[in-house]
Amino acid sequence: MIRFPLLLLSLLGLWAGGVFAQQLLDWTPEEIRTVEKHGPWPPSPVRDPSNKVSGTPAGILLGEHLFNDPRLSGDGRVSCATCHQAGREWSDGLARARGTVELDRRTPSLWNIGYLHWFGWDGAGDSLWAQSIRPLLDPREMNGGPARAAELLRGDAALACGYEKAFGSAPGTDDERLLVDTAKALAAFEATLVSPRTPFDDFRDALVAGNREGASRYPLAAQRGLKLFIGDANCNLCHLGPRFTSGEFGDIGIPFFVRPGEVDPGRLGGLGRLAASPFNLLGKYNDDATGNNTRRTRHVQRQHTNFGEFRVPGLRQVGRSGPYMHNGSLATLEDVVRHYSEVSPDRLHSDGIPLVRPLGLTAEQSADLVAFLRSLDAEPLARPRPAPLCP
Amino acid sequence: MRFLALVLLLLAAAGMSAARAADELPIFDAHMHYSHDAWSVVPPREVVEILKKAGIKRAMVSSSNNDGTRMLQDVAPGLIVPELRPYRSRGEISTWAKDPTLIPYLEDLLSKRRYRAIGEFHIYGADADLPNVRRVVELAKQYGLFLHSHSDADAVTRHFQQDPGAKVLWAHSGFERPEKVREMLRRYPTLWCDLAFLTSHVSNGKVAPGWRDLFIEFPDRFVLGSDTFTPERWHYVIENARWSRQWLSDLPPDVARKIAYENGDRLFGSAQ
């Protein structure tokens, strides 16, 4: 008669301690410190000193209206939101972006873009506002022409009112200044796009706090994948920090021919455009009088390695943001993991310690890595329509 | 006043002339590859067009496998200086030194065709004493060829220990600091350096101070290179040549000429 309650108690004890223990892998103090560096999330709001309306409610509101306004394009049919769709993780789900023509690169997601220091796949922009000018003018994208934004700001009463609230004066006669201000308002809005908290963030916070019960809710496959990510696979060498990106550039062995006889030079071309741009931070439109934010632009140097390098993307919402790579050449996360597992070292220059090497993952390891990456996804809150500019 | 203006005009003209001369500098490119994955996407005639547009008067080319070099020689024999690569596919970078089938492959090719160098091969530290590498050093001596070695200083030292008279072209100058490169050049009179894939010798379009001193101390010991290690990189050759001429224009003209093409011509000779 005594044996049954004892057995029951033993089973209950196993459930209370053992099952939770089985749901949490052993994490070394060093691993916990590494995981900790991928948070906290969300980060503090960011403000760009080169943009006087960055972080201001009036600038953000004007930017959101402009972001959705197709009148900024040459044919009046394409807005920023055409390619950067809220319902598609601020991208478009296409392998290659479509403006007035099909482009050579994928539309990058705008999640967490305000925290970068180089913008675009090739880093041709050194500020978010400078980068926002390019698609407005590019004949292959919005084809707006240099005067389009100015005419719109001056001619539309609501936008003119919103502009005055944001910039402190009515739109003037300087078309280029108004183009830059349009881009600064767009950037102010884009910088507010911060991805939601994810299952990984709950795990990270619980692990760091020593909350075993909370941490053990994180799926085992994701835990194993995370261990790989920060361990043998060394993914966090480039995909580091709370946003899972260094914000820099890399050649990961993806071919970069765009058509026969033509390549996408990536970062090398971006550096050339950066230097030639009248809108870079060394120019007259930088609102930061201290000049403190010009250091990167002044000192960046071209390297032979820059040819065919593209920006390391952040990984938050990555499972929802395919296709992948700068040219959308990989359709699924599984394809991405397979690429890193099987990448040919022949495509990577053997200079020092290679950033990328074939990982040779097993099927289970690949599945674990994908499970971890998917734990960086969460359903974003629905966005309300923007308030009127001047009710 | 008129005299001053005339002097200024002459100085400006001299400056423009120097710049134009630098623009027109022909180039001997001593570090090119035309490997199997490039053959269909950058066909031989396109390669030749690229070389001509880049102003490259001659290029030392190795290929994995060596058929690529032969294909280019067939199209432009006067342009291509052949180099024998010890790889049948680029994947052999990390296996060639221990591959028992390699030496017969090299010996067979050497008995059939003329080459100016063996390389570019990758070897580091004590691995340079492996039997395959020792045999490659012997073959280079036997056929009077350069060893084009992508190595650390230790491996280069071992080449010279095996054959004190070896002629070694140190790929990428070993990615070493100029102080180390100087030490090696002083120690080994038959060591030359290529500058392929290096940018550390240039800062904001000017030659970096440590490297400037080195180029002036050893003007006869450096050559240029593009290192077309992937097919895409053939489309970087023109840009690289333009960039090379830009930093070369920061050197005394005679030094620039030597590095640009005179050293390559002297060392590796004509393509025939």
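Trainee: How many residues does each chain bring to the contact between chain B and chain A?

Mentor: In this predicted model, chain B gives 16 residues to the contact and chain A gives 17 residues. Two residues count as being in contact if their C-beta atoms lie within 7 Å. On the side of chain B that touches chain A, the classes are six nonpolar, six polar and four charged residues.

Trainee: What makes strand β5 of chain B mostly covered?

Mentor: A residue counts as buried if 20 or more other C-beta atoms lie within 10 Å of its own. In β5(B), residues 146–151, six of the six residues are buried. F146(B), H148(B) and H150(B) point one way from the strand, while L147(B), S149(B) and S151(B) point the other way. Residues on both of these sides are buried.

Trainee: How do you know that strand β4 of chain B and β5(B) are paired?

Mentor: Pairing requires at least two bridges between the strands. Between β4(B), residues 117–123, and β5(B) there are six bridges, in the parallel sense. The two strands therefore count as paired. As an example, I118(B) has L147(B) as its bridge partner in β5(B). Helix α5 of chain B, residues 131–143, carries the chain across from β4(B) to β5(B), and this β-α-β crossover is right-handed.

Trainee: What joins β5(B) to strand β6 of chain B?

Mentor: Four bridges join β5(B) to β6(B), residues 167–170, and the two strands run parallel. Four bridges satisfy the requirement of at least two, so this is a pair as well. Here S149(B) stands opposite W170(B) of β6(B).

Trainee: Why is the unit of β5(B), helix α6 of chain B and β6(B) called right-handed?

Mentor: The name applies because, with the strands pointing away from the viewer, the path from the first strand over the helix to the second runs clockwise. The unit made by β5(B), α6(B) (residues 153–162) and β6(B) is assigned this hand.

Trainee: Let us turn to chain A. Why is chain A called as compact as a globular protein of its length?

Mentor: The secondary structure of chain A comprises 15 helices and four strands. Its radius of gyration is 24 Å, and the globule rule gives 21 Å for 391 residues; the two values are close, so chain A is as compact as a globular protein of that length. Along the principal axes, its C-alpha atoms fill a box of roughly 95 × 55 × 40 Å. Of its 391 residues, 40% count as buried.

Trainee: What makes the peptide bond from W41(A) to P42(A) cis?

Mentor: Its omega is near 0 degrees. P42(A) is placed in the loop between α2 (29–36) and α3 (57–67) of chain A. In chain B, a cis peptide bond joins G119(B) to E120(B), with omega about -15 degrees. E120(B) is part of strand β4 of chain B.

Trainee: Is N204(B) buried or exposed, and how do you know?

Mentor: The limit for an exposed residue is 12 or fewer C-beta neighbours. N204(B) has 10 inside 10 Å, so it counts as exposed. The residue lies in the loop between β8 (202–203) and β9 (206–207) of chain B, and its phi is near 50 degrees, a positive value in a residue other than glycine.

Trainee: Why is N234(A) called partly exposed?

Mentor: N234(A) has 15 other C-beta atoms within 10 Å. That value falls between the limit of 12 for exposed and the limit of 20 for buried, so the residue is partly exposed. N234(A) belongs to the loop between α11 (220–230) and β1 (249–250) of chain A. Its phi, near 60 degrees, is positive although the residue is not glycine.

Note on methods: Residues numbered from 1 in each chain as written. Chains lettered and ligands numbered in written order. Predicted model: local features only at pLDDT ≥ 70, side-chain atom pairs only at ≥ 80, totals over all residues. Nonpolar A, V, L, I, M, F, W, Y, C, P; charged D, E, K, R; others polar. Rg over C-alpha atoms; globule rule 2.2 N^0.38 Å.
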